[in-house]
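Please open the model in your viewer and keep the sequence panel visible beside it. The tour below proceeds by selections, each followed by a description of what is found there.

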Amino acid sequence: MNEITKRGESISKSIAASAGYNFLSKDILGMDNLVFKAQSSNNDVEYAAIVAPDGKVVVHSDLAMRGQTLRDDEGRWIRSGEEGTTVRDLTNSAGSIFEISCPIIFMNKVLGTVLIGINKSVFQEAQAQVYRRIVTVFGIVLVFGVVASTFLVSFLIKPIRELSAGVDELKQGISKKPLKIYSHDELGKLTANFNEMSKVIADQQGQMNRYTRDLEKAYISIVKVASAAIDARDSYTRGHSDRVSDFSLLIGRKIGLPGEELENLRVACLFHDIGKIKTPDSILLKPGKLTASEHKEMMRHPDYGVAILDKAPTLRKYIPAIRHHHERHDGKGYPDRLPGEHIPLLASIIAVADTFDAMTTDRPYRKALSHKEALQEIMRVAGTQLHPDLVEIFVGIMEKRVRDTVWFIGRTG
């Protein structure tokens, strides 16, 4: 805008310098020539005029304006320059323009005024161009800023996110390797300290796990001794827990139990009658039929076993199998009368093996059944006392063992 108005002032001053002589000589043609040249030689000059002191137009590039009187209070005043030059922003029929007025002075006397109207389209185009450049530059800066910010945030957040993940892993006990240190600032020191802390915790946890395993092994050994002692109390049932364990593992392997579950099944079998340690010999070794009260006391041995195992938190996982190995498939067992699929699987397996071994072992009140008779009996109670699918699997295993034994004897006979 400054350049445009200064150029307009320069044009108006050059006309004013020549128009003074024309004014004195009343050379209208000369003044008209000055106005014409000013407009024709500058594309952005909308009009040029010479006005008398009373506001009457002497010459004008628009012949229709000649002789008319102009108001000097139109438009918005912008500034005043040297020698009385003024710049106004106004709107006429041609559109928005800058009007520059310059006095015609001769011999220190104001003879009139030169008016130059410059179209603001150049100024507006310049504004639009600057606006486009600003928007372009701003867009570039914005894109660059977003990319740089994203990269910076990623750079700053990555170690924090990794540290957070490390804390979660540490809480879950699955931390395997130290976190990567990305910098040597406070965040890097925090990560390094976290790695040291994780190592200490992992070492301590390893020691605790070893202590726990040692304690569990010690407790299992004690319970095994107690289990053996229970079996030893009755010469008729000596080795019962070991045989139940062997039979149960045959079923467990056949149905595809994973290794950990097979180990749980093995230990649970050794513990399944541990509660009988509290059963009086008068009941446990009684040769005849038990009375109702004696039978009720005998039925409490699963609860006694639970109470023994509950004292060691690591052995509580065996409690469901031990508590429910006398439940019946028809829901008439004890202690909770659980039916069918509500009975824990390991308990149902132990029930089949326990029943078979009990029937094939001599008791004071009866002789042992043969394997064939015992298999027929557990098939008879399948679906009522025992789980039918597990009975079918066990019978198949035992019959195959008999066939293999007969075949082997025949081959070696």
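A residue is called buried when its relative accessible area is under 20%, exposed when that area is over 50%, and partly exposed in between. The structure on display is a predicted model.

**First stop: a salt bridge between Arg328 and Asp330**

Select Arg328. Its relative accessible area is 26%, so Arg328 is partly exposed. Now add Asp330, which forms a salt bridge with Arg328; the closest N and O atoms are 3.0 Å apart. Asp330 is partly exposed as well, at a relative accessible area of 29%.

**Second stop: Asp303 and Arg323**

Next, select Asp303 and Arg323, which form a salt bridge with 2.5 Å between the closest N and O atoms. This pair links distant parts of the chain: Asp303 belongs to helix H9 (residues 301-309) and Arg323 to helix H10 (residues 319-323), 20 residues apart. Asp303 has a relative accessibility of 30% and therefore counts as partly exposed. Arg323, with a relative accessible area of 24%, is also partly exposed.

**Third stop: Lys276 and Asp273**

Move to Lys276 and display Asp273 with it. These two residues form a salt bridge in which the closest N and O atoms lie 3.6 Å apart. Are its members buried or exposed? Lys276 has 18% relative accessibility and so counts as buried, and Asp273 is buried with a relative accessible area of 6%. In the model, the count of salt bridges comes to twelve.

**Fourth stop: strand E1 and its partners**

Select residues 45-51, which make up strand E1. Why is this strand described as largely enclosed by the rest of the structure? Six of its seven residues are buried, so the remainder of the structure largely encloses E1.

Now add residues 109-119, strand E6: six bridges join E6 to E1, and the two strands run antiparallel. To locate one position in this pairing, highlight Tyr47, which stands opposite Gly117 in E6.

Then add strand E2, residues 57-60. Three bridges join E2 to E1, again in an antiparallel arrangement. Here, Val59 in E2 is the bridge partner of Ile50. E1 and E2 form a hairpin with five residues between them. Within the turn, select Gly55, which has a positive phi of about 90°.

While strands are in view, one general point may help: in a regular strand, side chains alternate between the two faces of the sheet.

**Fifth stop: Ser101 in strand E5**

Select residues 95-106, strand E5, and centre the view on Ser101, which is found in this strand. Ser101 has a relative accessible area of 14%, so it is buried. Show the side chain of Thr86 next: the side chains of Ser101 and Thr86 make a polar contact at 2.5 Å. Which other residues is Ser101 in contact with, leaving aside its neighbours within four places in sequence? Besides Thr86, they are Gly84, Thr85, Thr113, Val114 and Leu115.

**Final stop: a nonpolar patch on the surface**

Switch to a surface display and select Leu152, Val153, Leu156, Ile157 and Ile160. Together they form a nonpolar patch on the surface, with about 410 Å² of accessible area. Finish on Leu156, which lies in helix H3 (residues 121-172). With a relative accessible area of 45%, Leu156 is partly exposed.

Terms used: Residues numbered from 1 in each chain as written. Predicted model: local features only at pLDDT ≥ 70, side-chain atom pairs only at ≥ 80, totals over all residues. Heavy atoms only, no water. Buried < 20%, exposed > 50% of the residue type's maximum accessible area, 1.4 Å probe, protein only. Helix = DSSP H or I, 4+ residues; strand = E, 2+ residues; numbered from the N terminus. Pairing = 2+ DSSP bridges. Salt bridge = Lys/Arg side-chain N within 4 Å of Asp/Glu carboxyl O. Patch = residues over 30% accessible without salt bridge, like charges linked within 9 Å, V, L, I, M, F, W, Y side chains within 5 Å. Areas by Shrake-Rupley, 256 points an atom, 1.4 Å probe, with all protein chains shown as cover. Polar contact = N/O pair within 3.5 Å; in protein donor to acceptor, adjacent residues only side chain to side chain. Contact = heavy atoms within 4.5 Å.
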